[in-house]
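Dear colleague,

Please find below the structure that I am handing over to you. My notes on its ligand site, pockets and cavities follow.

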Amino acid sequence: MTKKVLIVYAQPEPTSLTRQFVEATVQSLQEQGHDVLLSDLYAMRWKATFDEQDFPCRADLGRLSFIKESGHAYSTGRQTDDVVSEQQKLLAADAVIFHFPLWWFGLPAILKGWIDRVYAYGFGYGYKGKGNLYRYGDGILKGKRALLSVMVGGPEADYSPLGINGPLEELLFPVTHGVLFYPGMDVLPTHAVYGAAHLAKTEIATEIAVWRKRLEQLFEEAPIPFRRQNGGDYKDNHILADHIAFGKSGLLAHVDTSDT
Ligand SMILES: Cc1cc2nc3c(=O)[nH]c(=O)nc-3n(C[C@H](O)[C@H](O)[C@H](O)COP(=O)(O)O)c2cc1C
């Protein structure tokens, strides 16, 4: 069945590995018969900073309260056109794929700025004006899939469970869990390519073939089993229940591995 897939990417150089992956993604999805939506953040000259220009019709001219102004602009139809257009793409998409190089253990600033601005109050958080009622598994993007494709300069060993940089799934946890699962998306395990700056042509071809194979399962692959806020694992929607938390701590306690 034809699906809509939004690709959001943050690398301006056409010969970069990130961009080679974006090309492969577009090709593969189109070959599968899917519709592709693109957000090429550098080409769009995406405004990365969230500031007073985001609120042309302020609720309070005396003090710039981002959450209050964001909710006001969203609920009264006074957001900037670039933000509205990205929200519409997200709502239209069945899946969202993010392509980016790992910069300082996280997202390039332009992509972080896309999240800061597109995730308005009432949209990315505070859904239906109900504070934290809908989050972590419930929200405006429920039913959609999300996948990070990240190019990593360092070797895989540095990102392994005891690697010096820390495990990649934990470094990117604020994105997979905090940004994507938060408004309800099903998040697939991150796809990483290590040693990305120094791959030989043949290695790149192999990596792209592996990625294309994975994309064939975009709508079948099991998501990361993050625990849902409203699924009974949390006390008062805040803290893991004692029987769940027993012997656990840290970020990965929020992943339900009981079936594995
Ligand atoms: C500003 C900047 C920050 C970087 N930070 C990291 C990092 O934290 N960890 C890492 O392994 N590589 C880091 N790198 C290397 C990039 O991840 C690498 O150049 C990239 O994955 C290559 O893919 P590309 O051709 O798509 O840019 C950084 C590079 C730049 C320019």
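Which residue has a backbone N or O atom 2.8 Å from a nitrogen atom of the ligand? That residue is W104. Please bear in mind that this is a predicted model, in which local features need pLDDT of at least 70 and side-chain atom pairs count only at pLDDT 80 or more, while totals for chains, interfaces and linings use all residues. Residues are numbered from 1 along each chain as its sequence is written, and side-chain values use heavy atoms, with hydrogens and water left out.

Ligand site

The contact of W104 is a polar one (a pair of N or O atoms within 3.5 Å). Two further contacts involve oxygen atoms of the ligand: a polar side-chain atom of T18 lies 2.5 Å from one, and a polar backbone atom of L17 is 3.0 Å from one. On its own the ligand has 630 Å² of accessible area, of which the protein covers 71%; these areas come from the Shrake-Rupley method with a 1.4 Å probe. There are 15 residues around the ligand (a heavy atom within 4 Å), and Q11, T18, W104, G154 and Y159 come nearest. By class, this shell holds 10 nonpolar, five polar and no charged residues. In this scheme Ala, Val, Leu, Ile, Met, Phe, Trp, Tyr, Cys and Pro are nonpolar, Asp, Glu, Lys and Arg are charged, and the others, Gly among them, are polar.

Pockets

Pockets and cavities were sought on a 1 Å grid over the protein atoms alone. A pocket is an open set of points with protein on both sides within 12 Å along at least five of seven lines, and a lining residue has an atom within 4 Å of a point. Points are joined across faces, edges and corners, and a volume is the space filled by probe spheres set on them.

The largest pocket has a volume of about 400 Å³. It is lined by 20 residues, of which E169, P189, T190, I224 and L252 are the closest to its centre. At least three lining residues come from each of domain 1 (4-224) and domain 2 (227-260), with bounds from an automatic or database domain assignment. Helices α5 (168-171) and α6 (173-181) each contribute at least two; helices here are DSSP runs of H or I with at least four residues, numbered from the N terminus. The lining comprises 13 nonpolar, five polar and two charged residues.

For the second largest pocket, the volume is about 150 Å³. Its lining includes Q11, L17, T18, W103 and G153, and divides into eight nonpolar, four polar and no charged residues.

Cavities

A cavity is a set of points where a 1.4 Å probe fits but cannot get out. The whole structure contains two cavities of 30 Å³ or more.

The largest cavity has a volume of about 90 Å³. Among the residues that line it are F50, D54, D116, R117 and Y119, and the elements giving two or more residues are α2 (66-75) and α4 (109-118). Six nonpolar, three polar and three charged residues make up this lining.

The second largest cavity holds about 30 Å³ of space. F98, L107, L111, I115, L148, V175, V179 and L180 line it, giving eight nonpolar, no polar and no charged residues. Both α4 and α6 supply at least two of these residues, and α6 gives the most, with three.

With kind regards

Terms used. Polar contact = N/O pair within 3.5 Å; in protein donor to acceptor, adjacent residues only side chain to side chain.
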